[in-house]
Amino acid sequence: MKTGLVILREQAGHETGSHPENARRFPGVIDRLGEDSESHGLPVLESRAAEVEDLARAHTESHIANVRAAAENGPTWLDGDTVASPESYNVALRSAGAALVGVDAVSGPAKAADSLFAIIRPPGHHATADRAMGFCLFSNAAVAARYARERLGIDRVAVLDWDVHHGNGTQDILYNDPSVLFISFHQWPLYPGSGWIDEVGVGEGRGFTVNLPMPPGSGDREHIEGFNAVAGPILDQFNPGLLIVSAGQDGHVADQLASQNLTAAGYHALAAASAGFAAGKGIGLLALHEGGYNPNTLPLLDHAVYAGLGGFTPDLAGDSPAPETGDNGWPERLAQIRRAQSAFWAV
Ligand SMILES: [Zn+2]
């Protein structure tokens with residue numbers, strides 16, 4: 001399975017100061033994944049700027065104009081934790097554009113790889129159709145899914161979101177859309193508060209939103225069980241033509257923004273399972289970076305994801321051990337999730 005990177009060289013132009021989502025997150029990641037790319041002979045692609053019409057497939061014109069104006073007058077706070085600096089709009093266009101480069105390169109006529117990992121910020125999955133929130137300006141995943149549908153004619157796209165926070169923005173945009181399956185693993189309760197089991201889509205989109213609210217203290221085992229019991233079978237039945245992964249590694253045991261216990265081995269396993277699914281269907285996989293806020297551990301975690309996508313052996317030395325977890329209610333939660341989804345899928 002040939003993987004590769006999409007790099008956003010302009011990322012530091014989105015200046016957020018001492019905020020957790022800042023320009024210091026990625027230099028170590030790009031160094032480590034650059035070494036992996038070189039030693040395994042993997043392609044490293046450059047981002048491009050998305051067009052306004054690309055964003056407009058997922059966002060209202062007023063939201064796009066608001067982000068642009070906020071950046072021009074920046075720094076401006078768009079919500080309590082989302083800031084736009086003067087270059088933020090341009091960097092956000094290139095962050096979404098990296099996702100489009102990725103869609104083309106794993107699915108288009110000029111296919112360059114089976115999968116790609118786009119190292120992009122600002123992240124996207126909290127941005128709704130009409131507002132920025134939670135460090136996110138535009139939903140890169142929803143923009144990419146709609147582009148794949150409309151520009152490449154891919155009938156069904158799946159988005160798998162394993163960031164520790166619920167991908168409320170991506171869900172909001174796709175909620176009534178049966179052509180894009182949205183599956184989210186997230187700690188619950190946690191910011192932004194949405195993502196309970198009964199959020200399953202609306203109208204024609206009913207049954208095409210799958211939420212796995214994970215109890216606090218969940219780690220590798222719970223996430224892999226959730227993949228094997230729910231996400232994997234539903235992906236298989238939906239039978240997408242492209243898999244987009246919203247890859248946030250902020251459920252790691254050493255990440256301060258949540259209380260999950262995932263390790264690098266768990267992220268490697270989730271990435272390998274996703275890549276195995278895509279390979280089995282013969283479809284492209286595009287992983288888009290979402291959260292992950294400990295700059296000391298993020299290079300290792302993203303290396304683990306990259307190795308899982310590409311099928312090469314990761315070096316997970318130096319990872320933090322996960323504590324022994326007692327009963328956190330996961331078996332009952334998994335049974336609840338299966339009961340709710342069994343109305344739509346064989347799970
Ligand atoms: Zn997150």
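1. Two strands pair here if DSSP finds at least two bridges between them, and strands (E, at least two residues) and helices (H or I, at least four) are DSSP runs numbered from the N terminus. On that basis, Ala-158 of β6 has Leu-243 in β9 as its bridge partner.

2. A word on the input: this is a predicted model, where local features need pLDDT of at least 70, side-chain atom pairs count only at pLDDT 80 or more, and totals for chains, interfaces and linings use all residues. Residues are numbered from 1 along each chain as its sequence is written, and side-chain values use heavy atoms, with hydrogens and water left out.

3. On to the sheet. Eight strands make an open sheet with parallel pairing, in the order β2-β1-β5-β10-β9-β6-β7-β8. The edges are β2 (44-46) and β8 (209-214), each with a single partner strand, so one side of each has no neighbour in the sheet. Ignoring direction, neighbouring strands are turned by 20 degrees against each other on average (axes are lines fitted to C-alpha atoms, for helices over the stretch in contact; angles run from 0 to 180 degrees between N-to-C directions).

4. Helix α7 (residues 220-238) packs on this sheet and touches β6, β7, β8 and β9 (contact: heavy atoms within 4.5 Å). The direction of α7 makes about 175 degrees with that of β7.

5. What about β6 itself? Five bridges join β6 to β9, and five join β6 to β7 (residues 180-187), with Val-159 opposite Phe-182 in β7. Five of the five residues of β6 are buried (under 20% relative accessible area, 1.4 Å probe, protein chains only), so the strand is largely enclosed by the rest of the structure. Val-157, Val-159 and Asp-161 lie on one side, Ala-158 and Leu-160 on the other.

6. Now the metal. The zinc ion is coordinated by Asp-163 (OD), Asp-163 (OD), His-165 (ND1) and Asp-250 (OD), at 2.0 to 2.7 Å. Donors are N, O and S atoms within 2.8 Å of the metal (3.2 Å for Na, K and Ca), and because water is not among the atoms, sites may look incomplete. In sequence the donor residues are spaced D-x1-H-x84-D. His-165 sits in the loop between β6 (157-161) and α6 (168-174), and Asp-250 in the loop between β9 (242-247) and α8 (264-281), so the pair ties together parts 85 residues apart in sequence.

7. Are these two ligands buried or exposed? His-165 is buried at 7% relative accessibility, and Asp-250 is buried at 0%.

Conventions:
Buried means under 20% relative accessible area, exposed over 50%, partly exposed in between (1.4 Å probe, protein chains only).
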